Protein chains: 2
Amino acid sequence: MRVIRSVKTMQRLVAKARRAGKRVGFVPTMGALHEGHASLLRRCRRENDIVVLSIFVNPKQFGLKEDFAKYPRRERDDKKLAKREKVDIIFVPSVKEMYPEGYLTYIEVEKITKVLCGKSRPGHFRGVTTVVGKLLNIVMPDALYLGQKDAQQAAVLAWMVRDLNFPVSVRICSTVRETGGLAMSSRNEYLTADQRREAAVLYRSLKEARQSVIAGNHSVAATIGKMRSRIRRESSGRIDYIECVAADTLAPLKRIQGKIIIALAVWFGKTRLIDNIIVRA
Amino acid sequence: MRVIRSVKTMQRLVAKARRAGKRVGFVPTMGALHEGHASLLRRCRRENDIVVLSIFVNPKQFGLKEDFAKYPRRERDDKKLAKREKVDIIFVPSVKEMYPEGYLTYIEVEKITKVLCGKSRPGHFRGVTTVVGKLLNIVMPDALYLGQKDAQQAAVLAWMVRDLNFPVSVRICSTVRETGGLAMSSRNEYLTADQRREAAVLYRSLKEARQSVIAGNHSVAATIGKMRSRIRRESSGRIDYIECVAADTLAPLKRIQGKIIIALAVWFGKTRLIDNIIVRA
């Protein structure tokens, strides 16, 4: 397993591999790896000759009052997990390597970045699309692996890849959950034991909503209303949003129809958790 | 010489060529090819195994009141010139192929796009960087050839390539001029015979400015002042801007120092012409 910190070296390495006819798979992360990441790496390993993992806590996707400084960083543990999952190359650039002095260029996806998390985190998705655009040019992968847990991020990046014609196929992988149902996230470790127990209500409320849609209830207001009461009743979580949107365009829905995503963001103390479920109605 | 209209076909073709170890050079244009383009194609031919020329009048880089509709289009003549210059592949996509329904993604370079032409053409460079970013992902060239005539465009694109880590080297080629000195441009054909004769004053004023800088005059105000008077005295041109900026960052200068660009934009009737000269002081 090689650890690469320079853009140029990474590009040279991958260009060589591609000329040799190797298929390159890529899992971009911010580190603090957990079983969710591991599941992306496993699928990437199965489907490619070379597995590249990037670890970069991207300052441009954090708001001024967000948790950039305290976001967990533990390169040593991450390397162990990467080795276990048979990663070939870890790309770990510094902030200066990614954003050298005089940096001026941004990739922005309009409209679908202004809903859901985009409302409470202005500028967040511009940071995400910019860094992933850069990483695609650096790693030049055949396939890009993203987690469904960050549903809007996955949709926005798929849109960017399509619009800008990046020669890569996007693979979205199911959310991995803790035993209680809480979606795996590097931010879960901010939670107290009580909050962690309480936060399991998020997935319960999503499953209940899905059941109710499958049973024939197609009202967005009623679905969201029920989720709201349940979360309030069973936890101390403060709801940022709960929404039903079209799965591909993230357009808000009046009635539940077609392939949709029910998505939510809820604060537990100072920690903002997100989760979602896909429903076909 | 192959003419390709589909993104997918273009990507497949180039991926194959690159796997075979071929070096790909790329000249992006809006067609209406002239000797300026021919000089880019010749250098591209000398330095690469495969020469790709794109012809695409990009609606996103024209303002609402600009000349998108009347911009000259003549695919047949362009193909003749391309054949003469031994182009291997012409990529000629439709607007719908480049911007399919629901298109949402833009690449933007900040700051250096707000000066010079960026001031009079808001949104113009966002259109340029977006389309060239797409074309780089579609053509995947080793080298990109741009004309120095569009000095700001070349600087902005070089900045984008650097910032977003596109794996391509940018080659900027000297301006080609008509006998009188007027810089070659597809827009020159909008000019009447009188305007064309008058417009030669632009290059005369740039050369005079360079002479004066070389002779030791490092005052920006005096340099621009002299150019202004000359253009007013010797033509009917209406000056949009004349500026002295740093060659790499396009930062406006108080005193002429280092490698600089003297750049201008002047209207002749309804036609806006640009030109520039590089000076080392």
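The legends below describe close-up views of chain A in a predicted model.

**View 1. The six-stranded open sheet of chain A.** Six strands of chain A form an open sheet in the order β1-β4-β3-β2-β6-β7, and their pairing is parallel. Strands β1 (2-4) and β7 (169-173) of chain A are the edge strands, each pairing on one side only. From one strand to the next, the twist averages 25°.

**View 2. Pairing of β6(A) with β7(A).** Strand β6 (residues 143-147) of chain A runs parallel to β7(A), and five bridges join the two. Within this pair, A:L146 stands opposite A:I172 of β7(A). As an edge strand, β7(A) pairs on one side only.

**View 3. Helix α6(A) over the sheet.** Helix α6(A) lies across four strands of chain A, namely β2 (24-29), β3 (50-55), β4 (89-91) and β6. Relative to β2(A), the helix runs at about 150°.

**View 4. Packing of helix α6(A) against helix α7(A).** Helix α6 (residues 124-139) and helix α7 (residues 151-163) of chain A pack with their axes 10 Å apart, at an angle of about 50°. Because of this angle, α6(A) is oblique to α7(A). The crossing of the two helices is right-handed. On the α6(A) side, the contact is made by A:F125, A:V128, A:T129, A:V132, A:G133 and A:L136. These residues meet A:Q152, A:Q153, A:V156, A:L157, A:M160 and A:V161 of α7(A). By character, the residues of this contact comprise eight nonpolar, four polar and no charged.

**View 5. Strand β9(A) and its antiparallel partners.** Strand β9 (residues 259-268) of chain A is mostly covered, with eight of its 10 residues buried. Strand β8 (residues 238-246) of chain A pairs with β9(A) in the antiparallel sense over eight bridges. Strand β10 (residues 271-280) of chain A also pairs with β9(A) in the antiparallel sense, here over 10 bridges. Residue A:A265 of β9(A) has A:Y241 opposite it, and its bridge partner in β10(A) is A:I274.

**View 6. The hairpin of β9(A) and β10(A).** Two residues lie between the strands of this hairpin. In the hairpin, A:G269 takes a positive phi near 60°. The strands that the hairpin joins, β9(A) and β10(A), are antiparallel.

Conventions: Residues numbered from 1 in each chain as written. Chains lettered and ligands numbered in written order. Predicted model: local features only at pLDDT ≥ 70, side-chain atom pairs only at ≥ 80, totals over all residues. Heavy atoms only, no water. Axes fitted to C-alpha atoms, helices over the stretch in contact; angles between N-to-C directions. Parallel < 35°, antiparallel > 145°, perpendicular 65-115°, else oblique. Left-handed = near helix turned anticlockwise from the far one by under 90°. Contact = heavy atoms within 4.5 Å. Nonpolar A, V, L, I, M, F, W, Y, C, P; charged D, E, K, R; others polar. Pairing = 2+ DSSP bridges. Buried < 20%, exposed > 50% of the residue type's maximum accessible area, 1.4 Å probe, protein only.
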